There are 2 protein chains.
Amino acid sequence: MSRIDPEPTLQDEAARAGWLYYVGGLTQDQIAAELGVSRQRAQRLVSRAMAEGLIHVRLEHKIGACLQLEAELARRYGLGQCRVAPGLGAGADPARAIAGPAAALLEHYLARAEPQVIALGTGRALRAMVEELTAQDCERHHVVSLIGNIAPDGSASFYDVIMRIADKLHAPHYPMPVPVISDTPAERALFHSLRPVQAVVALVQRADVIFVGVGQMGDDAPLLLDKFVTTGQLRDMQGVGAAGEIAGWVFDATGRYIDCDANDRVGGVRIDAGREAPVIGVAAGATKVRAIRAALTGRLINGLVTDEPTARALLA
Amino acid sequence: MSRIDPEPTLQDEAARAGWLYYVGGLTQDQIAAELGVSRQRAQRLVSRAMAEGLIHVRLEHKIGACLQLEAELARRYGLGQCRVAPGLGAGADPARAIAGPAAALLEHYLARAEPQVIALGTGRALRAMVEELTAQDCERHHVVSLIGNIAPDGSASFYDVIMRIADKLHAPHYPMPVPVISDTPAERALFHSLRPVQAVVALVQRADVIFVGVGQMGDDAPLLLDKFVTTGQLRDMQGVGAAGEIAGWVFDATGRYIDCDANDRVGGVRIDAGREAPVIGVAAGATKVRAIRAALTGRLINGLVTDEPTARALLA
DNA sequence: GGCGCGAGTGAGTATTTACCCATGCGGTGA
DNA sequence: TCACCGCATGGGTAAATACTCACTCGCGCC
């Protein structure tokens, strides 16, 4: 051998073990022998490969029932893009189910040769989508955040997906240097008067495609859990018909943004109804049905990635 | 439910079971319960999903050692594209290992918005590559075969990958309506004088990318096994230094096509050395090292997808 | 130097999966 | 009509895998 084997990293070993297991179909005994480690270590490497997302699994077959749901959703709500993933059973996190299909749809836009401006919201669903994304070089594209990245305590927001995706794609990226929710409308206005912020907002406005999560406004609304609103404020919004939220902007059951205190302080860019460019909602779960239906009804989103039970509920 | 569940097909059920197993991480017991079938049937569905290629597994982590090999191969042989997959251990079929990476590379070209002309050779490696390919709509691209598709007995050739890939991509496709190897040079010339054949040849000549297998010329050469040459002819070619073969065209250890009887009768298009457009060799295995090295040396190919042991051997 | 602390290891074991085989069901041809 | 064939089914069991636990080793801290 001409070169000294540089000590393979732990991830390298895990990747190799996972490769041998999932692609090669070897047993963990055989992997242990191949790598010269104990059987237990082989097992640990394999499960680490899975846990760290080194191994991606995708389903290459559209199940008939899902196709049908896609078609019906697209027709009913006039969607440009619609993906319905099979459900994962009662207990599972629906975000897991839709992450793969959502990532595949995003990759579809990433594959374009012309530089694309891709705007992203936040949330667990988008986070999972980015996890599933294949790393690739996309210097020509721009990823831009819809939503402020400054948490209430001044730190960078925790759920921000822009940095993660930029990391995977090596693409220029534009966080929105604005509080997620400002304390006052005046503070919000001040931030939005800054030139760098305006530049990011302008970028969002001409985005070629937008991916957003859809938040629900029940008693366990993400806005509440993340401490962006108080229980009292949440109650008030529920009182005036809040049904869901996109990028922090709260709307009612018809998909019209409601007039409330919080909406005057949201740092992110509001997605207006009936946009031309694709606005893809990535969301699933029984609790979100009302919010998603509202967003679809109001044409805040014109594309949807969801799972089977949610799709059925939306059509029911 | 508004619609009657149309009896899900067996494949649908298999896909769902595989999804629940590999993506959802459910046990086969849970899947059985979810689908309302017996444990054993769930097990069968899961293994069928795998066997039918409904589930695709890819490694999302470049192992350091492989990256290094890629860089060294690219430098040593001046390659435009180079992928090295981790080996799968002694017993396994190396074609399995390289199928995924090769498919990913091909998808890279398929993703282009401008219509591409993609030329393909044949062989087990390319066959496996196509199996791994994600089905998608590529009406804008053209896939064209490098190699004749008429078997010695007049039937369509068995290994032809064009039909399979066209099936997956829904792309216009151009088999080469010529015997793989004609009986006489005159017959070959006759076929090549036909206008439809010339059209296909012209298409190959302006292909944007070419994927080929690389055949070895040992005593178990594919050309012999597929009965395209006799043992005697093979010995003769070995005698004059045959090292490998691409699309049926036999070359020596320096990558120069040799002057032999078989080369006068090969139906397919010869790939000339030093082409501008990418010519990707997809090949791995200890027996093929000599052939691949020859093809690289002669610059018959300017891209390579192989596996780790083969890469090491090529650099040794 | 002694003392935890945490990460990693290998043995042992419970759970899960893959394979084998006897059985039954539906279709086919005599 | 009946014997036969192919094939899917589910029970059972051997193999493989995931998990638990006690232990060691290296490291920082007292």
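A polar contact is a pair of N or O atoms within 3.5 Å. B:Q43 meets that cut-off with DNA strand C: a side-chain N or O atom of B:Q43 is 2.8 Å from a phosphate oxygen of the strand. The model is predicted. This briefing covers two DNA strands, the contact between chains A and B, and one sheet in chain B.

**DNA strand C**

- Residues from chain A around DNA strand C are A:S38, A:Q40, A:R41 and A:R44.
- Chain B adds B:Y21, B:T27, B:Q28, B:Q43 and B:R44 around DNA strand C.
- Of the atoms of DNA strand C that come within 4 Å of the protein, 57% belong to sugar and phosphate.
- The side chain of A:S38 has an N or O atom 2.7 Å from a phosphate oxygen of DNA strand C.
- For the side chain of A:R41, the distance from an N or O atom to a phosphate oxygen of DNA strand C is 2.9 Å.
- Two elements give two or more residues to the surface near DNA strand C: α3 (39–51) of chain A and α3 (39–51) of chain B.
- The largest share of that surface comes from α3(A), with three residues.
- By class, the surface near DNA strand C has one nonpolar, five polar and three charged residues.

**DNA strand D**

- Residues from chain A around DNA strand D are A:Y21, A:T27, A:Q28, A:Q43 and A:R44.
- Chain B adds B:S38, B:Q40, B:R41 and B:R44 around DNA strand D.
- Sugar and phosphate make up 60% of the atoms of DNA strand D that come within 4 Å of the protein.
- B:Q40 reaches a base: an N or O atom in the side chain of B:Q40 is 2.5 Å from a base nitrogen of DNA strand D.
- B:R44 also reaches a base, with a side-chain N or O atom 2.6 Å from a base oxygen of DNA strand D.
- B:R41 meets the phosphate instead, where a side-chain N or O atom is 2.8 Å from a phosphate oxygen of DNA strand D.
- α3 of chain A and α3 of chain B each supply at least two residues of the surface near DNA strand D.
- Here α3(B) gives the largest share, three residues.
- The surface near DNA strand D divides into one nonpolar, five polar and three charged residues.

**Where chain A meets chain B**

- Chain A brings 49 residues to the contact, and chain B brings 49 residues.
- About 4,000 Å² is buried between chain B and chain A.
- Carbon and sulfur atoms give 54% of that buried area.
- Between chain B and chain A there are 20 residue pairs in polar contact, with both residues at pLDDT 80 or more.
- On the side of chain B that touches chain A, the elements giving two or more residues are α1 (10–23), β1 (55–59), α4 (64–77), α5 (94–110) and α13 (308–315) of chain B.
- Among these elements, α1(B) gives the most, with eight residues.
- The side of chain B that touches chain A has 24 nonpolar, 12 polar and 13 charged residues.
- A strand pairing also links the chains: β1 (residues 55–59) of chain A runs antiparallel to β1(B), over five bridges.
- Within this pairing, the bridge partner of A:I55 is B:L59 in β1(B).

**Salt bridges**

- The whole structure holds 22 salt bridges over all chains.
- Two salt bridges are counted between chain B and chain A.
- B:R16 forms a salt bridge with A:E308, and their closest N and O atoms are 2.6 Å apart.
- B:E308 forms a salt bridge with A:R16, and their closest N and O atoms are 2.6 Å apart.
- That pair crosses from helix α13 of chain B, which holds B:E308, to helix α1 (residues 10–23) of chain A, which holds A:R16.

**A sheet in chain B**

- Three strands of chain B form an open sheet in the order β7-β8-β9, with antiparallel pairing.
- β7 (215–216) and β9 (249–252) of chain B are at the edges with a single partner strand each, so one side of each has no neighbour in the sheet.
- Strand β8 (residues 242–246) of chain B is joined to β9(B) by four bridges.
- One residue pair shows the link: B:G244 has B:F251 in β9(B) as its bridge partner.

Notes:
Residues are numbered from 1 along each chain as its sequence is written. Chains are lettered from A and ligands numbered from 1 in the order in which they are written. This is a predicted model: local features need pLDDT of at least 70, side-chain atom pairs count only at pLDDT 80 or more; totals for chains, interfaces and linings use all residues. Side-chain values use heavy atoms; hydrogens and water are left out. A residue is near a molecule or strand if one of its heavy atoms lies within 4 Å of it. A polar contact is a pair of N or O atoms within 3.5 Å; within protein, one must be able to donate a hydrogen and the other to accept it, and residues adjacent in sequence count only if both atoms are side-chain atoms. Ala, Val, Leu, Ile, Met, Phe, Trp, Tyr, Cys and Pro count as nonpolar, Asp, Glu, Lys and Arg as charged, and the others, Gly among them, as polar. Two strands pair if DSSP finds at least two bridges between them. Contact means heavy atoms within 4.5 Å. Buried area is the accessible area (1.4 Å probe) that two parts lose on being put together, summed over both. A salt bridge is a side-chain nitrogen of Lys or Arg within 4 Å of a carboxyl oxygen of Asp or Glu.
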